[in-house]
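I opened a fresh page for this one. My plan was to look up a handful of features and jot each down as I went.

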Amino acid sequence: MALLTESVLGWSIFTAVLLVILVFCWFYIRKYQSRQESEVISTITAICALAIALITSALLPVDIFLVSFMKYPNGTYKDWAASNETRRQIEDTVLYGYYTLYSIILFCVFFWIPFVYFYYEEKDEDNVSKCSQAKNALKYTFGFVVVCAALLLIGAFVPLQPPPSQNSTQWEKVKYLFEELGSSNGLDALSFSISSLTLIGMLAVITYTAYGMSVLPLNLIKGTRSVLYERLENTEDVEEVEQQIAKIKAKCEDGRPLSLRDRRNLQELEAKLQTLRRRGRHLEIAERSCCTKVGSALRPLKILLGVFFILVALLFTVALFISNLDKALHSAGISTGFIIFGTNLTNPLNELLLALQPVFPLDYVLITVITMYFVFTSMAGIRNMGIWFFWIRLYKIRPQRTRPQALLFLCMILLLIVLHTSYMIYSLAPQYVMYGSQKYLLQTPLSVDPSPGNQTASTTKICDADAPEDQCTVTRSYLFLHKFWFFSTIYYFGNWAFLAVFLIGLVVSCCRGKKSVIEGEVEADDSDFSDDEYVH
């Protein structure tokens with residue numbers, strides 16, 4: 001009965017969070033998608049992809065809750081969890097949940113999102129039928145499917161146990177590989193593929209999230225420039241450019257042709273004038289907008305939020321630094337993925353989560369807040385930087401003006417970022433993510449005499465890597481993300497890169513002035529169509 005009650009409680013809250021995630025994703029995508037170019041399939045794909053990523057993160061607290069509530073605070077198993085078979089059933093339930101969600105993620109990343117993206121890329125071509133669009137999209141998507149199959153095969157046949165001796169026959173070696181595949185039930189293959197995606201997500205976290213964690217709070221604290229001052233400044237710029245254009249045109253009033261240099265300058269000035277006039281229209285709308293007036297009224301709240309976000313960012317960086325320093329000083333080394341045998345340095349976030357974990361909703365809420373914080377800061381970084389491929393900017397992300405292809409790219413990046421969030425949370429609170437609040441009993445003799453008749457004392461200890469396997473249950477999430485030591489090693493060095501980029505972004509954001517009240521709405525490469533779309 002106790003098992004049923006606690007399982008229902010955990011999964012009920014998980015279902016409630018699932019519904020909240022779906023609603024959030026719908027509003028989030030609708031906020032940024034273009035009004036003129038919105039497509040039903042791309043919108044649904046973006047919403048579902050983002051929801052799957054967030055739901056996967058929401059499964060992590062359920063995983064930790066179930067392994068933690070198998071035991072009493074004194075380190076003994078509860079009556080309903082005393083059987084190994086019962087514990088295995090609970091673990092398998094969570095494992096199948098991860099199987100399902102990670103399989104969907106692979107399907108989205110390697111098939112559905114690329115197919116929808118290329119489908120709408122082909123739509124931009126003239127006189128192309130829908131059948132041809134689908135055929136060409138499938139042709140390009142096939143490359144992603146091949147990559148996915150290669151990752152699954154590599155993960156399935158990479159042996160984690162010592163291989164047979166060199167004297168073994170070829171058949172014994174082949175049999176060994178298939179036994180390795182069968183013994184893991186496909187866990188190795190899926191774990192390798194997800195770890196590969198998480199590696200890409202790590203690069204996105206270093207690029208976008210680290211910068212967003214610095215730019216979002218500082219923008220809230222500094223606020224925006226005065227719209228009246230910006231309109232006055234824009235009017236002066238328009239008058240100055242008009243005078244320069246008139247001066248160049250005056251050279252050809254007597255019929256003489258303009259020089260090549262003057263014609264080039266005239267074209268640049270006319271393009272600049274067009275941008276300034278569009279900017280003036282947007283500033284005029286912003287001045288009349290209710291959102292601007294409400295934003296001015298909520299200025300004190302924005303400052304408080306900015307201070308809160310910067311404190312949270314500093315807490316994360318301190319916790320991450322302590323965790324990495326602990327691994328550097330006390331781990332088993334690079335060949336084991338920097339696994340820590342025990343907690344040697346006090347990690348503030350880890351201690352907070354361990355304190356909240358017995359009261360189940362509190363740690364669930366905190367983990368959800370951490371995940372959403374990563375999403376918002378990542379979005380802030382993406383919006384400020386745009387989507388880049390090396391030095392080429394592919395897309396800009398702007399409210400109500402983002403193309404379907406850009407939305408798909410956005411959700412792909414956010415999906416990969418949220419995947420890496422699971423490892424980031426582990427880095428921030430390794431003890432909590434690995435064992436939850438589990439404890440075990442350590443038997444110690446009361447005397448130095450090792451004879452069998454001597455009494456022993458039981459000491460309650462927090463579970464760590466030194467604990468007996470039958471006394472502490474590792475979360476399924478940890479097994480998925482840390483099955484291959486070389487990925488954990490790369491993640492470890494990625495954390496140092498994350499800290500470096502965050503500090504650089506913090507310095508850059510501090511040196512920058514206030515942003516415009518219409519930041520990102522008007523740029524030189526915008527078309528009149530996109531401007532009309534926003535205005536109307």
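Here are my entries, starting with the whole chain and ending with the surface.

**Entry 1: the whole chain.** I note first that this is a predicted model. I looked up the secondary structure and found 17 helices and four strands. Of the 536 residues, 47% are buried. Then I turned to contacts with a separation of 6 or more: 79% of them join residues 24 or more positions apart. The accessible surface comes to about 27100 Å², and carbon and sulfur atoms hold 64% of that.

**Entry 2: helix α2.** I picked α2, residues 40-68, and checked its span. Its 29 residues reach 43 Å from the first C-alpha to the last, close to the expected 42 Å. How many of its residues are buried? I got 25 of 29, so I wrote "mostly covered" beside α2.

**Entry 3: helix α7 and its partner.** Next came α7, residues 227-249, with 23 residues. Its end-to-end reach is 33 Å, close to the 33 Å expected. I listed the buried residues of α7: Val227, Glu230, Asn234, Val238, Val241, Ile245 and Ile248. A reminder to myself: an α-helix has 3.6 residues a turn, so residues three or four places apart point the same way. And what do the buried residues of α7 pack against? They pack against α8, residues 260-288.

**Entry 4: salt bridges between α7 and α8.** I was curious about the glutamate in that buried list, so I followed Glu230. Glu230 forms a salt bridge with Arg279, with the closest N and O atoms 2.7 Å apart. This pair links Glu230 in α7 to Arg279 in α8, 49 residues apart. Glu230 is buried, at a relative accessible area of 1%.

The side chains of Glu242 and Arg277 also meet in a salt bridge, at 3.0 Å from N to O. Glu242 is in α7 and Arg277 in α8, so this pair ties together parts 35 residues apart in sequence. Buried or partly exposed, I wondered of Glu242? Glu242 counts as partly exposed at 34% relative accessibility, and Arg277 is partly exposed too, at 43%.

**Entry 5: a longer link in sequence.** The full count is four salt bridges. Among them is Glu91 with Arg476, the closest N and O atoms being 3.8 Å apart. Glu91 sits in helix α3 (residues 84-123) and Arg476 in helix α15 (residues 476-481), with their positions 385 residues apart. Glu91 is buried at 17%, and Arg476 counts as buried at 14%.

**Entry 6: cysteines.** I searched for disulfides and the count was zero. Why do Cys25 and Cys411 not form one? The sulfur of Cys25 is 7.9 Å from its closest cysteine sulfur, in Cys411, which is too far for a bond because the cut-off is 2.5 Å. Looking from the other side, Cys411 has its closest cysteine sulfur in Cys25. Cys25 is buried with a relative accessible area of 0%, and Cys411 is buried with 1%.

**Entry 7: a nonpolar patch.** Last, I went over the surface. Val294, Leu298, Leu301, Leu304 and Leu305 make a nonpolar patch of about 440 Å². Which helix gives the largest share? Helix α10, residues 299-330, supplies three residues. Leu298 lies in the loop between α9 (290-297) and α10, and at 40% relative accessibility Leu298 counts as partly exposed.

Notes:
Residues numbered from 1 in each chain as written. Predicted model: local features only at pLDDT ≥ 70, side-chain atom pairs only at ≥ 80, totals over all residues. Heavy atoms only, no water. Helix = DSSP H or I, 4+ residues; strand = E, 2+ residues; numbered from the N terminus. Expected span 1.5 Å × (residues − 1). Buried < 20%, exposed > 50% of the residue type's maximum accessible area, 1.4 Å probe, protein only. Contact = heavy atoms within 4.5 Å. Patch = residues over 30% accessible without salt bridge, like charges linked within 9 Å, V, L, I, M, F, W, Y side chains within 5 Å. Areas by Shrake-Rupley, 256 points an atom, 1.4 Å probe, with all protein chains shown as cover.
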